[in-house]
Amino acid sequence: MKTIISALLLIIVSNLLCFSQNKIWDETEAQKKERMQWWTDARFGMFIHWGLYAQAARHEWVKKNERIPDADYQKYFEIFNPDLFDPADWARKAKAAGMKYAVITSKHHEGFTMFDSKFTDYKVTNTPYGKDIIKQWVDAFRAEGLKIGFYYSLIDWHHPDYTIDRFHPQSAGTKEEYDALNKNRDMRKYREYLKNQVREILTNYGKIDILWLDFSFPGEFGKGRDDWGSVELIKMVRLLQPGILIDDRADLQDFAGGWDFMTPEQYKVDKWPEIDGKKIPWETCQTFSGSWGYYRDEYTWKDNKQLLVLLIESVSKGGNLLLNVGPTARGVFDERADKALKGMGDWMKYNSRSIYECTQAPEGFQVPANTLLTYNPVKNRLYVHLLDYPLQNLRLPGYKGKIKYAQFLHDASEIKMSEPRQHDWGGDNQGTGDVDLRLPVLKPNVEIPVIELFLN
Ligand code: GLC
């Protein structure tokens, strides 16, 4: 008995110890939910990847992909001058598309900062453009009522103390080669630098709503939490901006408060992601085409319907969509991006009620054929998105007794309901608990029509 008790005590104490060690931020579940509420309700944001790589116009990883040495990459720094940059125009477009927040690259892997930093010369204010991009961007997006986020790359392919790793443009093969390359590099100094810069962006631009750190790749010739000093870093971030939301890429998955939401990238989740059986906040980040930075010759652009499905499907699984634009080096959105945003905005104008404040449908609502469901728990309304417009009739399996009223969302026109009809030609559907919605033959002029069901 004594041994059992002492074993139990040991387990409890070690659990407590482990818990207190792996904790960055003291917050109850309810407090966390409240802190994240605006973001959960918003559902749709804009990602912006912009940096020197926009000039190469062939992927933001061009420096690595083509193993470009610093000396050759320098030309982009020397001519950077986005003369048409008008952040108010960007902000208007984001808002018109239905986006509620935006996250911009303050520094990407190339190491160039789009803000005026005290800790480097490799910054926008030293280019021919000469002005702080981040400052103007924050002011313009805030003025449109959008929430503000900073992407900051943990990876840095320019800093002289950042050790060469497997993702670096100068990546090598053997341990000996890496050791030789890194002889004079000191990650302690880089760690300090990155902390200083994160402090700058979270101090000099007012309230910041999201910090999007990118990314960790532990393992051989990789980098993780100890390289970045993640624990100290996130502690500082929480102190500087207590309301901020942080993504999950600083390699602190097992730390309470080390991150707030999961970030499946260019990936469609099968279902609402869970950890230990608990559904967790998530946001998928996606591109219009295959690249984040402006890519002139990339042609795999998703069409309007695919983009809308991405958004609706994310909400139908309880998640957000962060959709990326890669502006050109002149400082404007490419016409393909404009068109994509416009298409989303046209739909959102009349259908955003099925997106904002919505989430996965409650259990017990079967998904009708070729549809996606979202649900507003406060209004108790269910939204049926018709991906493939049915002929005359949409069957809602087992919905009998659950619906008060049905209408199209875009024009609030009533949709009549009935029990499935009995037919001599088959169709023994009476008494099944199904409901039929009687739809017009003509598909409404809406890319994906939505039916709003007022539930009992
Ligand atoms: C990846 C890429 C990067 C992009 C990011 C967006 O981590 O390295 O280029 O910024 O994903 O999620």
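Trainee: Which of the 14 residues around the ligand come nearest?

Mentor: In this predicted model, the residues that come nearest are H49, E60, H108, H109 and E265.

Trainee: What makes the approach of H49 to the ligand a polar contact?

Mentor: Set the distance against the cut-off. A polar side-chain atom of H49 lies 2.5 Å from an oxygen atom of the ligand. The pair counts because two N or O atoms need to be within 3.5 Å. The same test can be put to two other residues: a polar side-chain atom of E265 lies 2.8 Å from a ligand oxygen, and one of W61 lies 2.9 Å from a ligand oxygen. Both values are within 3.5 Å, so these are polar contacts too.

Trainee: How much of the ligand's accessible area does the protein cover?

Mentor: On its own the ligand has 310 Å² of accessible area, and the protein covers 95% of that.

Trainee: What classes of residue make up the shell around the ligand?

Mentor: The shell has seven nonpolar, four charged and three polar residues. E265 counts as charged because Glu is in that class.

Trainee: Let's turn to the salt bridges. How do you know that K278 and E29 form one?

Mentor: Their side chains meet with an N to O distance of 3.4 Å. The limit for a Lys nitrogen and a Glu carboxyl oxygen is 4 Å, so the pair qualifies. By this rule the count comes to 32 salt bridges.

Trainee: Why is the K278 and E29 pair said to link distant parts of the chain?

Mentor: K278 sits in strand 7 (residues 278-279) and E29 in helix 2 (residues 29-42), with their positions 249 residues apart in the numbering. In general, side chains of opposite charge can pair when their charged atoms come close.

Trainee: Now the sheet. What is the order of the strands in the open sheet of three strands?

Mentor: The order is 12-15-14, and the pairing is antiparallel. Strand 12 (393-396) and strand 14 (416-418) are the edge strands, since each pairs on one side only. Direction ignored, neighbouring strands are turned by 30° against each other on average.

Trainee: How do you know that strand 14 and strand 15 pair?

Mentor: Three bridges join strand 14 to strand 15 (residues 435-438). Pairing takes at least two, so these strands pass. Across this pair, M417 stands opposite L437, and K416 stands opposite R438.

Trainee: And over how many bridges do strand 12 and strand 15 pair?

Mentor: Over four, in the antiparallel sense. Here N393 stands opposite R438.

Methods:
Residues are numbered from 1 along each chain as its sequence is written. This is a predicted model: local features need pLDDT of at least 70, side-chain atom pairs count only at pLDDT 80 or more; totals for chains, interfaces and linings use all residues. Side-chain values use heavy atoms; hydrogens and water are left out. A residue is near a molecule or strand if one of its heavy atoms lies within 4 Å of it. A polar contact is a pair of N or O atoms within 3.5 Å; within protein, one must be able to donate a hydrogen and the other to accept it, and residues adjacent in sequence count only if both atoms are side-chain atoms. Accessible areas come from the Shrake-Rupley method with a 1.4 Å probe; for residues, only the protein chains shown count as cover. Axes are lines fitted to C-alpha atoms, for helices over the stretch in contact, and angles run from 0 to 180 degrees between N-to-C directions.
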